[in-house]
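Work through the exercises below with the model open. Try each task before reading its solution.

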Amino acid sequence: MQRLHESLIQQGLTSELQQLILTLAECGVEISRLVRGGALAGVLGVAETENVQGETQKKLDIIANDLIKQKLAANPLVKGIASEEETEVVAANGNGQYLVCFDPLDGSSNIDINSLVGTIFSVLPAPEGEVNEQAFMQPGTRQNCACYMLYGPATVMAMTTGQGTRMYSLDPDSDEFILVEERVEVPAETGEFAINMSNQRFWQAPMQRYIADLVQGKEGPRGRNFNMRWIAAMVGDVHRVLSRGGLFTYPQDTKNPTKPFKLRLMYEANPMSFLVEQAGGKASTGYERIMEIQPDQIHQRVAVILGSKDEVDTCLRYHSEG
Ligand SMILES: O=P(O)(O)OC[C@H]1O[C@](O)(COP(=O)(O)O)[C@@H](O)[C@@H]1O
Ligand SMILES: [Mg+2]
Ligand SMILES: [Mg+2]
């Protein structure tokens with residue numbers, strides 16, 4: 001049985017990166033406790049506020065955000081943070097060497113129905129000089145670490161530092177993450193896909209054709225049946241992909257013309273792409289590798305197609321045909 005800190009040492013990470021990851025894990029342990037407390041912990045329901053993206057904030061969005069902000073600010077290695085729930089980037093410790101982007105609570109609409117939610121982190125190197133939005137404008141290929149915590153029947157953490165993807169499970173007795181899978185591997189082929197089908201009429205032509213062919217199953221051009229899953233929390237859907245393969249997508253749509261994409265690059269798409277690629281999967285917008293996008297805004301959104309490599313490649317062929 002290997003504890004998180006032992007596994008970090010075994011990976012030969014710098015003591016700085018080890019310390020930072022332990023702080024991220026502590027955030028996960030505390031949020032996990034709050035999530036489990038549910039109504040009794042007073043964390044359910046809506047807050048009276050909206051975030052910068054005009055989305056109504058849930059109490060737990062704010063509680064998790066404040067908790068992570070405090071923990072990270074108390075770690076001298078953290079120079080700045082960017083969060084889904086913060087309008088601007090926030091400076092932390094002048095001598096810190098890392099910038100941390102995070103989605104404090106992913107799957108907010110699941111909180112009140114006692115369904116899957118999680119936390120997502122992306123760690124970038126901090127450049128010299130001031131902490132401003134520009135400092136964060138680095139492609140996902142520059143990430144030092146990506147991880148998510150999923151608060152499900154068990155609390156789990158998937159983590160990569162670029163040496164494969166590892167899975168840990170939280171021991172509720174000791175509050176420690178224990179390594180449960182040293183090398184997560186996403187199978188190249190799959191018979192499972194995840195998409196919010198209610199947006200079908202708003203998708204672009206390539207996604208329309210790809211999904212139409214899938215759902216024809218055995219009788220269609222794919223010649224086999226596919227199954228569909230949708231958790232409405234990216235952490236849950238990506239966890240399934242890491243666990244048994246699949247294709248997950250939140251494509252471009254015209255439902256709200258001012259918001260053609262749903263998922264955020266810096267604290268959803270990039271860290272999840274890093275985790276999936278390090279497990280042998282693939283992550284693309286349909287036209288380019290997500291991790292190679294040069295960001296220009298901290299809250300920018302992108303189309304996401306990720307998961308089992310061969311199935312993602314099939315989906316990309318529909319996109320290259322226009
Ligand atoms: O409500 P929809 O359209 O199914 O969207 C679900 C998607 O929205 C998200 O919940 C967005 O994340 P937040 O809950 O952090 O805003 C994703 O996790 C999920 O994949
Ligand atoms: Mg999210
Ligand atoms: Mg969120």
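**Exercise 1. Records and domains**

At which residues does UniProt place the feature "domain: Fructose-1-6-bisphosphatase class I N-terminal"? Then compare the records with the domain assignment.

Solution. The model is predicted: local features need pLDDT of at least 70, side-chain atom pairs count only at pLDDT 80 or more, and totals for chains, interfaces and linings use all residues. Residues are numbered from 1 along each chain as its sequence is written, with chains lettered from A and ligands numbered from 1 in the order in which they are written.

Step 1. The unreviewed UniProt entry puts that feature at residues 10-182. UniProt positions follow the numbering used here, feature names are shortened, and annotations may be inferred rather than shown by experiment.

Step 2. Residues 10-182 are 25% helix and 35% strand, with end C-alpha atoms 11 Å apart. Helices (H or I, at least four residues) and strands (E, at least two) are DSSP runs, numbered from the N terminus.

Step 3. "domain: Fructose-1-6-bisphosphatase class 1 C-terminal", also from an unreviewed UniProt entry, covers residues 186-319. That stretch is 35% helix and 15% strand, and its end C-alpha atoms lie 23 Å apart.

Step 4. The domain assignment gives domain 1 (4-181) and domain 2 (192-320). Such bounds come from an automatic or database assignment.

**Exercise 2. The overall fold**

Describe the protein chain as a whole.

Solution. Step 1. Count the elements: 8 helices and 17 strands.

Step 2. Check compactness. The radius of gyration, taken over C-alpha atoms, is 19 Å, close to the 20 Å from the globule rule for 322 residues, so the chain is as compact as a globular protein of that length. The rule is 2.2 Å times the number of residues to the power 0.38.

Step 3. Check burial. Of the 322 residues, 47% are buried. Buried means 20 or more other C-beta atoms within 10 Å of the residue's own, exposed means 12 or fewer, and partly exposed lies in between; C-beta atoms are placed from the backbone.

**Exercise 3. Where the domains meet**

Which elements of domain 1 touch domain 2?

Solution. Step 1. The domain centres, over C-alpha atoms, are 23 Å apart. The contact takes 33 residues from domain 1 and 28 from domain 2; contact means C-beta atoms within 7 Å.

Step 2. Strand 5 (98-106), strand 6 (117-125), helix 4 (133-136), strand 7 (145-151) and strand 8 (155-160) each give two or more residues to this side of domain 1. Strand 6 gives the most, with 5 residues.

**Exercise 4. The ligand shell**

Where does ligand 1 lie relative to the two domains?

Solution. Step 1. List the shell: Glu84, Asp103, Asp106, Gly107, Ser108, Ser109, Asn196, Ala232, Ala233, Met234, Tyr250 and Lys262. Each has its C-beta atom within 6 Å of the ligand.

Step 2. Both domains give residues to the shell, so ligand 1 lies between them.

Step 3. Met234 is also among the buried residues of helix 6. Helix 6 (residues 234-244) has 8 of its 11 residues buried. Gly245, with a positive phi near 90°, follows helix 6.

**Exercise 5. Positive phi outside glycine**

Is Asn114 buried or exposed? Treat Asp175 likewise.

Solution. Step 1. Asn114 has phi near 55° and sits in the loop between strand 5 and strand 6. With 11 C-beta neighbours inside 10 Å, Asn114 is exposed.

Step 2. Asp175 also has phi near 55°. Asp175 is in the loop between strand 9 (165-171) and strand 10 (176-181). With 14 other C-beta atoms within 10 Å, Asp175 is partly exposed.

Notes:
Two residues are in contact if their C-beta atoms, placed from the backbone, lie within 7 Å.
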